Amino acid sequence: MPDRFPVTERTRVVREANRAVYDRETIYRVLDDAFVCHVGFAIDGQPFVIPTMFARIGDLLYFHGSAASRMLRGLASSLPVCITVTLIDGLVLARSVFNHSMNYRSVVALGQATRIEKLLPGRWTDARQPNERELQATSILKLPLTEVSAKIRTGAVEDDDEDYSFPVWAGIIPLHLVAGEPQRDDRCRSDIPTPAYAFRFRGGR
Ligand SMILES: Cc1cc2nc3c(=O)[nH]c(=O)nc-3n(C[C@H](O)[C@H](O)[C@H](O)COP(=O)(O)OP(=O)(O)OC[C@H]3O[C@@H](n4cnc5c(N)ncnc54)[C@H](O)[C@@H]3O)c2cc1C
C-alpha cells in the first residue's frame, strides 16, 4: 500500500496548501485520535452533514447509522459521502484580529459508503449480544480510504511583521480532550472488575 494517498482534483487543498498532508500514517493517527466524524451526503440535491461515531480498521472507516435515518434510507447500494474528522488542539491568539487561528488536525475522506452486515470487535465480546430487534435497527457503513486529505496547523502565532511590536498578549491556549477515571455504573455489580480497556483512554486514544 502506498505511503501517501494520491492527490486528486477533489482532495487538493488550495488555501494554506503547506498545511496539507497526504501521508497515510499521519492521516491514520488523526483518525485514530477522534471519536466523532461528520458524514456529508446529498439526498435529492439537499446536503446533510450528520455527526456520528466511527472507527478505522486498516484502510476502512466504519460508521454507525440508525436504519431509520435519512442517510440509510438513501442508501440503496452505495452512497457518495464526504466524511470529515476535526480535532482542535489550541486557540491561536495573535496580535492582529485577522491572524487569530486554531491549531487543528482535520481529515476529509471522499468515496462510496456501503452497508455491511457484520459489526465490530473489541467491547463487542464483553457486552450482551444484540437481539434480532436491535440488529434490525442498527446498520454499519464502511468507506474505503482511497481519496483522502488531511490539513494540520501546529505551532506558534503567525502575525504580520509590523504587528509584532503591538502591545497585546499573544500566544496559544492549548485544548485537549481528556478522559477521566472510569466511573462504575450504579447498577454494575461491584465484584465485576473494571476491564483494562476502560483505562486505555487515559493516556489519549
Ligand atoms: C478547526 C478548523 C478551523 C478552520 N477555520 C478556518 C477559517 O476560519 N477560515 C478558513 O478559510 N479556513 C479555515 N479552516 C480551513 C478549512 O477547513 C479549509 O481548508 C479552507 O476553507 C480552505 O479550503 P480550500 O479552498 O483550500 O479547499 P476546498 O476547495 O474547500 O477543498 C478542496 C479539498 O481540499 C481538502 N481539504 C480542504 N480543507 C481541508 C481540511 N480542513 N482538512 C482536510 N482536507 C481539507 C479536501 O479534500 C477538499 O475536498 C479551518 C479548518 C479547521 C479544521
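In this predicted model, 15 residues surround the ligand. Arg 10, Val 14, Arg 15, Ser 106 and Lys 151 come nearest. Three elements, strand 5, strand 6 and strand 8, each supply at least two residues of the shell. Strand 6 gives the largest share, with 4 residues. Several polar atoms of the protein lie beside those of the ligand. A polar backbone atom of Val 14 is 2.7 Å from an oxygen atom of the ligand. A backbone N or O atom of Arg 12 lies 3.4 Å from a ligand oxygen. In Ser 106 the side chain takes part: one of its N or O atoms is 2.7 Å from a nitrogen atom of the ligand. Taken alone, the ligand exposes 860 Å², and the protein buries 58% of that area.

The protein itself has 205 residues. Its secondary structure comprises 3 helices and 9 strands. From the N terminus, the elements follow the order β-α-β-β-β-α-β-β-α-β-β-β. Buried residues make up 31% of the chain. The exposed area of the protein is about 13300 Å², of which carbon and sulfur atoms supply 56%. Contacts were also sorted by separation in sequence. Among those between residues at least 6 apart, 68% join residues at least 24 apart.

The largest nonpolar core holds 28 residues. Within this core, Leu 31, Phe 54, Phe 63, Val 81, Ile 83, Val 107 and Leu 145 touch the most other members. Helix 1 (24-33) gives two or more residues to the core, as do strand 2 (36-43), strand 3 (46-57) and strand 4 (60-66). The same holds for strand 5 (79-93), strand 6 (101-116), strand 7 (138-144) and strand 8 (147-153). Strand 5 provides the largest share, 5 residues. Leu 31 illustrates the packing. Beyond its neighbours within four places in sequence, Leu 31 contacts Phe 54, Arg 56, Leu 61, Val 85, Val 107 and Leu 145.

Charged side chains add further links. The count of salt bridges comes to 9. In one of them, Glu 158 pairs with Arg 19, with the closest N and O atoms 3.9 Å apart. This pair links distant parts of the chain, 139 residues apart. Glu 158 sits in the loop between strand 8 and strand 9 (171-174), and Arg 19 in the segment before strand 1 (20-21). Glu 158 is partly exposed, at 47% relative accessibility. Arg 19 counts as buried because its relative accessible area is 12%, under the 20% cut-off.

A second salt bridge joins Arg 105 and Asp 33, at 2.9 Å from N to O. Arg 105 belongs to strand 6 and Asp 33 to helix 1, so the pair ties together parts 72 residues apart in sequence. Both partners are partly exposed, Arg 105 at 21% and Asp 33 at 28%.

A third salt bridge connects Arg 95 and Asp 159, at 3.0 Å from N to O. Arg 95 lies in the loop between strand 5 and strand 6, and Asp 159 in the loop between strand 8 and strand 9, so this pair ties together parts 64 residues apart in sequence. Arg 95 is partly exposed, at 23% relative accessibility. Asp 159 is buried, at 8%. Shared partners also join salt bridges into one network, made up of Arg 19, Arg 153 and Glu 158.

Key
Residues numbered from 1 in each chain as written. Predicted model: local features only at pLDDT ≥ 70, side-chain atom pairs only at ≥ 80, totals over all residues. Heavy atoms only, no water. Buried < 20%, exposed > 50% of the residue type's maximum accessible area, 1.4 Å probe, protein only. Contact = heavy atoms within 4.5 Å. Areas by Shrake-Rupley, 256 points an atom, 1.4 Å probe, with all protein chains shown as cover. Core = buried A, V, L, I, M, F, W, Y, C linked by side-chain atoms within 4.5 Å. Salt bridge = Lys/Arg side-chain N within 4 Å of Asp/Glu carboxyl O. Near = heavy atom within 4 Å. Polar contact = N/O pair within 3.5 Å; in protein donor to acceptor, adjacent residues only side chain to side chain.
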